[in-house]
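Q: I'd like a close look at one part of this model and what sits around it. Keep it chatty, but give me the cut-offs as you go.

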Amino acid sequence: MIMKKILLIDDDKVALAAAEEILQKNGYEIIVASDGAKAFDLFNKEDFDLIITDVNMPTLRGDDLTKLIKDSP
């Protein structure tokens with residue numbers, strides 16, 4: 001199996017930990033961010049196969065983050 005690298009974004013520590021555990025058990029490499037601004041910085045520094053984000057987060061909402069990512073070159 002080819003390991004997929006996932007950026008997982010959520011400000012809820014319990015939800016983040018649960019999702020991270022499930023995904024890691026299934027062989028995925030997980031990079032976590034606790035808000036959209038940190039996630040956007042990671043997005044610009046690393047390549048990800050998938051990005052999973054919460055919508056309601058501080059600093060930069062998930063829907064705004066998605067728009068930034070889509071508009072990135």
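Which residue in β2 does Leu8 stand opposite? Start there, then work outwards.

A: Leu8 faces Val32 in β2. Before going further, some ground rules: this is a predicted model, with local features needing pLDDT of at least 70 and side-chain atom pairs counted only at pLDDT 80 or more, while totals for chains, interfaces and linings use all residues. Residues are numbered from 1 along each chain as its sequence is written, and side-chain values use heavy atoms, with hydrogens and water left out.

The strand to look at is β1, residues 5-9, which pairs with β2 in the parallel sense over five bridges. Strands here are DSSP runs of E with at least two residues, helices are runs of H or I with at least four, and both are numbered from the N terminus. Two strands count as paired if DSSP finds at least two bridges between them. Leu7 also has an opposite number in β2, namely Ile31.

Zooming out a notch, the sheet is open, has three strands in the order β2-β1-β3, and pairs in parallel. Its edges are β2 (29-33) and β3 (50-53), each pairing on one side only. From one strand to the next, the twist averages 20°; the axes behind that angle are lines fitted to C-alpha atoms (for helices, over the stretch in contact), and angles run from 0 to 180 degrees between N-to-C directions. As a general reminder, strands of a sheet pair through backbone hydrogen bonds, either parallel or antiparallel.

How wrapped up is β1? Five of its five residues are buried, so the strand is largely enclosed by the rest of the structure. Buried means under 20% relative accessible area, exposed means over 50%, and partly exposed is in between, using a 1.4 Å probe and protein chains only. Lys5, Leu7 and Ile9 point one way from the strand, Ile6 and Leu8 the other.

Lys5 deserves a stop. This β1 residue has a relative accessible area of 18%, so it falls in the buried class. Its side chain makes a 2.6 Å polar contact with that of Glu46. A polar contact is a pair of N or O atoms within 3.5 Å; within protein, one must be able to donate a hydrogen and the other to accept it, and residues adjacent in sequence count only if both atoms are side-chain atoms. Leaving out residues up to four places away in sequence, Lys5 touches Glu29, Ile31, Glu46, Asp47, Phe48, Asp49 and Leu50, where contact means heavy atoms within 4.5 Å.

Past β1, the chain enters the loop leading to α1, and Asp10 lies there. Asp10 has a relative accessible area of 14%, which makes it buried. A polar atom of its side chain lies 2.9 Å from the backbone nitrogen of Asp12. Not counting neighbours within four places in sequence, Asp10 is in contact with Ala15, Leu16, Ala33, Ser34, Asp54 and Met57. Asp12 in turn has a side-chain oxygen within 2.9 Å of the backbone nitrogen of Val14, at the start of α1.

Helix α1 covers residues 13-25, 13 in number, and reaches 18 Å from its first C-alpha to its last, close to the 18 Å expected at 1.5 Å a residue; that expected span is 1.5 Å times one less than the number of residues. Within α1 sits Ala19, partly exposed at 24% relative accessible area. The C-alpha atoms of Ala19 and our starting residue Leu8 are 8.2 Å apart, with eleven residues of separation along the chain. Just after the helix, Gly27 has a positive phi of about 90°.

For context, the protein chain has three helices and three strands, following the pattern β-α-β-α-β-α along the sequence. The radius of gyration is 12 Å, which agrees with the value near 11 Å for a compact globule of 73 residues; it is taken over C-alpha atoms, and the globule rule is 2.2 Å times the number of residues to the power 0.38. Those C-alpha atoms fill a box of roughly 30 × 30 × 15 Å along the principal axes. Across the 73 residues, 30% are buried. Of the contacts between residues at least 6 apart in sequence, 59% join residues at least 24 apart.
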